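Here is a short tour of one protein model, written to be read with the structure open beside you. Let us start with a single residue and work outwards from there.

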Amino acid sequence: MRTTITLLTLVCGIYIATAQPIDRQAVVTRNNPTLNATDDAGIDTLNALTVGNGGFACTVDITGLQTLPEAYRNGMPVTTMSDWGWHSFPNPENYRAEEALQVFDFGRGHEELYANQFNEGRKKAAADYLRANPHRVNLGALGLDLRAEDLRDASQTLNLWTGVIQSQFTNQHSTFNTQRSTFNIQTVCHPERDMIAAHITANQPVTLVLRFPYPTGKHSDDASDWDAANDMLHHTTLVENHGSEALFRHQIDDFVYDVRLSWESKGAVNITPADASLHTFHIAFSANDVKLTCEYISDTQRPATGTALSFDEVREASARHWQRYWKQGGIVDFSHCLDPRAKELERRVVLSQYLMAVNDAGDTPPQETGLTYNSWFGKFHLEMTWWHLAQFALWGHPELLDRPLSWYHAAAPKARDIAKRQGFDGLRWMKMTDPSAKEAPSKVGSFLIWQQPHLIYLAELLYRSIPSQRTGETNEKYGMRNLERERLLQEYGSLVDETAEMMASFVTFDKAHNRYPLQGCIPAQETLRAAETVNPPFELSYWHFGLQLAQQWRERRGLPKKKQWDDIIRHLSPLAEKDGLYLAAESAPQTYSDIRFTSDHPAVLGAVGILPQSPLVKVQVMRQTFDWIWDRWNWDKTWGWDYPMVAMCAARMGEPQKAVDALLMDKRTNTYLTCGHNYQDQRLRVYLPGNGGLLTAIAMMCAGWDGTTTHNPGFPADGNWDVRWEGLLPLP
């Protein structure tokens with residue numbers, strides 16, 4: 001069940017940049033994704049459609065339910081996942097977090113303890129256990145009692161305007177029986193409750209299969225061991241079965257939750273275990289027209305779930321929710337553009353808007369594969385929060401940023417402990433974590449620092465999403481917005497302060513060079529090593545920007561600026577350059593001759609793009625660096641958010657044509673599937689930071705950034721990109 005966020009809807013004010021309002025429904029529905037599976041083509045298991053509410057989601061196969069989970073597990077897994085569904089394997093060896101700590105000395109005058117990975121012995125076993133536990137759970141699969149080889153002529157469409165998946169197919173019962181049955185299924189998710197609803201019609205009686213897996217604990221998969229045996233610590237119980245409702249209770253070690261199935265149909269219903277494992281149940285209806293809801297209920301939510309709802313009630317709630325989402329937020333219309341690529345760019349944008357709302361708007365920061373399947377054991381990465389969440393504020397949905405950002409309050413005690421054990425002040429935000437905010441050991445992640453200023457940046461975007469007083473507006477509405485600003489300052493002010501305190505204590509003054517260097521870290525370009533890296537350019541620029549914002553927040557709260565922060569801002573190390581190009585780090589003079597430094601993220605471009613121009617950056621040197629990277633970077637070793645990062649840098653550098661070209665660059669990691677997901681490789685078939693980055697770049701290219709005055713500054717002014725938009729906000 002979603003937590004209610006009180007951020008006022010008035011903060012989503014619409015600025016119309018077109019002469020006539022955009023037909024929002026037309027923009028959205030012309031990009032409805034459609035999947036087909038004919039007798040010849042077979043099932044495209046790399047594409048599957050999802051319904052969800054931001055903190056709970058259900059991905060379905062071509063049948064509109066979860067009939068074929070094994071067939072899809074190496075494509076787009078069909079799962080049911082939530083923010084609350086987490087499990088840990090038993091820990092009989094009593095592995096403790098302290099066993100994964102290692103001492104490092106990065107020259108800051110004190111030893112620092114990091115949660116690291118090890119190569120052998122008990123320390124390795126402890127780190128491996130802590131990385132894999134807890135892990136996100138696939139809560140179950142509700143499907144039809146059908147076989148993949150019997151499906152024919154399948155067609156499926158997601159109506160983005162209402163959130164309903166419409167599926168049609170025929171089922172040929174066997175190779176010896178030419179009779180075919182026709183199925184029509186509508187699938188939808190409730191916008192606030194963790195509930196899936198379906199309406200199934202067929203010309204044969206309907207039989208459903210409800211399955212409960214045991215977790216695998218693997219790094220990247222559908223989290224489903226369908227063959228796990230029933231025992232004392234893994235069992236499923238049919239708790240209630242009466243009339244039109246049944247309640248199942250699934251226990252996985254000490255993790256327990258319920259599934260409530262309710263239905264409307266004529267005739268008898270028979271529920272039986274499918275086999276001795278007791279983790280699979282057949283629900284056989286004598287009717288061929290069935291409406292049902294399936295609600296997943298956590299142990300803590302059980303007393304407050306409310307009564308069961310009907311399919312029609314869920315479908316109506318979904319339609320209201322999605323129409324409000326599309327009408328109140330930002331929209332971009334590419335239909336007037338002459339460039340033939342505009343249609344594809346619009347498709348990516350609209351589908352990304354849907355996918356981010358389905359996967360990334362829960363009570364905790366999202367994992368990189370959202371609620372579709374597990375990557376990094378289902379845990380989320382705080383250095384990715386900006387890529388996931390910044391777009392919500394820019395696209396007129398700040399309440400969807402406020403919701404997961406609020407998790408930082410619960411995480412603050414753990415972040416404070418990390419800073420203290422490493423000898424820093426304030427809060428050090430971890431990289432890889434889970435709802436409990438425990439830090440996962442990592443040979444890379446524990447040394448990253450670019451997640452540190454994200455909290456400040458995202459809080460600033462929330463604050464900026466509240467517009468100033470408008471012409472003709474009542475004092476009452478203006479006063480409401482002032483109250484909302486005050487709430488944000490009170491809620492996030494101390495977090496901003498403590499985040500900046502860690503940033504200030506992370507740098508030590510270098511008297512010999514009259515500067516504050518950044519060292520002892522792995523930058524966003526993860527091919528660099530912590531022990532060697534000094535002054536990575538993006539992180540230096542982010543420290544400058546983050547500390548400046550933190551000072552502004554102090555002034556807004558009526559507090560004096562901190563002199564030490566101002567001193568750091570004035571004396572941060574300059575960005576290192578060689579031969580007129582910015583280096584990957586001051587410690588990497590071989591940047592442009594060693595492929596290690598021209599692979600992975602071209603993070604130097606984030607110093608102007610993600611961030612505004614700062615005194616640390618020389619514009620001409622950045623232009624020359626951009627040109628070198630554009631022509632010679634190892635683009636086959638990049639990630640999905642690199643392309644929007646490059647586009648944002650190009651826009652700020654006055655290269656709008658390259659901004660567009662970057663977003664549409666023909667590279668594997670810039671692939672957007674029919675269902676809208678940003679494909680990376682066989683391991684990461686879903687990569688939501690790419691989708692979120694695309695939306696952030698488009699908002700910036702349309703609405704601009706602080707100081708821009710031209711219309712659509714990120715698009716070429718050649719007449720081919722007549723982009724029309726409403727409801728977008730600029731970046732700083």
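## A buried threonine

T80 has a relative accessible area of 1%, so this residue counts as buried, given that the cut-off for that class is under 20%. The coordinates come from a predicted model, which is worth keeping in mind throughout. You will find T80 in strand β4, which covers residues 80–82.

Which residues does T80 touch, once those up to four places away in sequence are set aside? Its partners are F56, A57, C58, Q66, V137, N138, L139, G140 and Y296. With L139, 59 residues away in sequence, T80 has a C-alpha to C-alpha separation of 5.3 Å.

## The overall picture

Zooming out, the protein contains 16 helices and 28 strands. Its radius of gyration is 26 Å, close to the 27 Å expected from the globule rule for 732 residues, so the protein is as compact as a globular protein of that length. Measured out along the principal axes, the C-alpha trace spans about 85 × 65 × 55 Å.

Of the 732 residues, 62% are buried. Contacts across the chain can be described too: among those between residues at least 6 apart in sequence, 71% join residues at least 24 apart. T80 and L139, at 59 residues apart, offer one pair to look at with this in mind.

## Surface and charge

The protein exposes about 26500 Å², and carbon and sulfur atoms supply 49% of that area. How far apart are the mean positions of the positive and negative charges? For the 69 positive and 86 negative charges, the two mean positions are 3 Å apart.

## How confident is the prediction?

The average pLDDT of the protein is 93, and 93% of the residues score at least 70. Residues 8–18 have a pLDDT below 50, yet this stretch has 35 contacts in the model beyond near neighbours in sequence. Where pLDDT is low, the predicted coordinates should not be read in detail.

## Backbone features to check

Most residues other than glycine have a negative phi, and most peptide bonds are trans. Against that background, a few places in this chain are worth a visit. The peptide bond from N133 to P134 is cis, with an omega near -5°. P134 sits in the loop between α3 (121–132) and β8 (135–136).

Two residues that are not glycine have a positive phi: F377, near 65°, and D600, at about 65°. F377 belongs to the loop between α5 (342–359) and β22 (380–381), while D600 is in the loop between β25 (581–582) and α13 (619–632). Are these residues buried or exposed? F377 has 9% relative accessibility and counts as buried; D600, with a relative accessible area of 11%, is buried as well.

## Around E526

D600 turns up again among the contacts of E526. Leaving aside neighbours within four places in sequence, E526 is in contact with E383, V444, L448 and D600. E526 lies in the loop between α10 and α11 (537–556), and its relative accessible area of 32% makes this residue partly exposed. Between E526 and H409, which are 117 residues apart in sequence, the C-alpha distance is 28 Å.

## Two further stops

Helix α10, which spans residues 475–506, holds E486. This glutamate has a relative accessible area of 39% and is partly exposed. From E486 to Q624, 138 residues away in sequence, the C-alpha to C-alpha distance is 43 Å.

The last stop is G654, in the loop between α14 (642–652) and α15 (656–663). Where T80 is buried, G654 counts as exposed, because its relative accessibility of 54% is over the 50% cut-off. The C-alpha atoms of G654 and F715 are separated by 9.7 Å, with their positions 61 residues apart along the chain.

Terms used
Residues are numbered from 1 along each chain as its sequence is written. This is a predicted model: local features need pLDDT of at least 70, side-chain atom pairs count only at pLDDT 80 or more; totals for chains, interfaces and linings use all residues. Side-chain values use heavy atoms; hydrogens and water are left out. Helices (H or I, at least four residues) and strands (E, at least two) are DSSP runs, numbered from the N terminus. The radius of gyration is taken over C-alpha atoms; the globule rule is 2.2 Å times the number of residues to the power 0.38. Buried means under 20% relative accessible area, exposed over 50%, partly exposed in between (1.4 Å probe, protein chains only). Contact means heavy atoms within 4.5 Å. Accessible areas come from the Shrake-Rupley method with a 1.4 Å probe; for residues, only the protein chains shown count as cover. Lys and Arg count as positive and Asp and Glu as negative; His and the chain ends are not counted. The place of a charge is taken as NZ of Lys, CZ of Arg, CG of Asp or CD of Glu. pLDDT is the predictor's confidence in each residue, from 0 to 100.
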